[in-house]
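Trainee: Before I use words like cavity, core and salt bridge for this protein, I'd like to know what earns each label. Could we go through them one at a time?

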Amino acid sequence: MSWAGPEDLLFSTSLASYLDKKLLVLLRDGRKLLGVLRSFDQFANAVLEGACERVIVGDIYCDIPLGLYVIRGENVVLIGELDLDKEELPPHMTRVPEAEIKRAQKAEREATDLKGSMRKRMEFLDFD
């Protein structure tokens with residue numbers, strides 16, 4: 001068995017190339033976590049240092065601090081490195097406090113629920 005050398009790390013599928021780098025992790029439930037990858041194992045379980053959850057509703061967003069965070073690998077959908085030289089979000093996005101983003105999330109959830117319940121009430125109409 002041969003071990004990959006430093007020159008092979010570029011083409012590796014391992015998370016080793018992401019150690020000590022700032023990452024964006026998308027989870028199965030739709031949450032987006034940002035943090036520095038400090039450790040991982042063969043199951044893609046990962047430890048993020050300085051983690052925060054980025055919540056985006058429309059044109060507003062909030063980073064909710066989580067601290068040291070352990071992520072179970074089966075919940076990971078996507079992992080990507082963030083470029084520290086580039087701005088992470090478009091300029092039209094506005095950062096708001098946590099309380100305001102929670103209110104916006106609740107309003108968005110209620111609107112989605114209302115839309116779904118209206119569709120159920122209209123099922124008897126045959127538009128086809």
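What follows is a talk about labels and the cut-offs behind them.

Mentor: First, the ground rules: this is a predicted model, where local features need pLDDT of at least 70 and side-chain atom pairs count only at pLDDT 80 or more, while totals for chains, interfaces and linings use all residues. Residues are numbered from 1 along each chain as its sequence is written, and side-chain values use heavy atoms, with hydrogens and water left out.

Trainee: Okay, what makes D29 and R31 a salt bridge?

Mentor: The rule asks for a side-chain nitrogen of Lys or Arg within 4 Å of a carboxyl oxygen of Asp or Glu. D29 and R31 sit at 2.9 Å, N to O, so the pair passes. By this rule the count comes to 6 salt bridges, including R72 with E74 at 3.2 Å.

Trainee: Why is D29 called exposed, and R31 partly exposed?

Mentor: Relative accessible area decides: buried is under 20%, exposed is over 50%, and partly exposed is in between (1.4 Å probe, protein chains only). D29 has 53%, so it is exposed. R31 has 28%, so R31 lands in the partly exposed class. R72, at 52%, is exposed.

Trainee: What makes R38 and E49 a link between distant parts of the chain?

Mentor: Their side chains meet in a salt bridge at 2.5 Å, N to O. R38 is in strand β2 (residues 32-40) and E49 in strand β3, 11 residues apart; strands here are DSSP runs of E, at least two residues, and helices are runs of H or I, at least four, numbered from the N terminus. R38 is partly exposed at 38%, and E49 is partly exposed at 36%. Salt bridges that share partners also join D20, R38 and E49 into one network.

Trainee: How do you know that the largest cavity is a cavity, and the largest pocket a pocket?

Mentor: Both come from a 1 Å grid over the protein atoms alone: in a cavity a 1.4 Å probe fits but cannot get out, whereas a pocket is an open set with protein on both sides within 12 Å along at least five of seven lines. Lining residues have an atom within 4 Å of a point. The search finds 1 cavity of 30 Å³ or more, and the largest cavity holds about 40 Å³. The largest pocket holds about 180 Å³.

Trainee: What makes the two linings differ by class?

Mentor: Ala, Val, Leu, Ile, Met, Phe, Trp, Tyr, Cys and Pro count as nonpolar, Asp, Glu, Lys and Arg as charged, and the others, Gly among them, as polar. The cavity lining has 8 nonpolar, no polar and no charged residues; L15, L23 and V25 are among them. The pocket lining divides into 3 nonpolar, 2 polar and 7 charged, with D29, R31 and E53 among its residues. The largest share of that pocket lining, 5 residues, comes from β3.

Trainee: And why is the set with L15 and A46 called a nonpolar core?

Mentor: A core takes buried Ala, Val, Leu, Ile, Met, Phe, Trp, Tyr and Cys residues joined through side-chain atoms within 4.5 Å. The largest such core has 10 residues in all, L15, L37, A46 and I71 among them, so the set earns the name. β1, β2 and β3 each give two or more residues to this core. A second, separate core of 8 residues includes V55, V57, C62 and A104.

Terms used:
Points joined across faces, edges and corners; volume = space filled by probe spheres on them.
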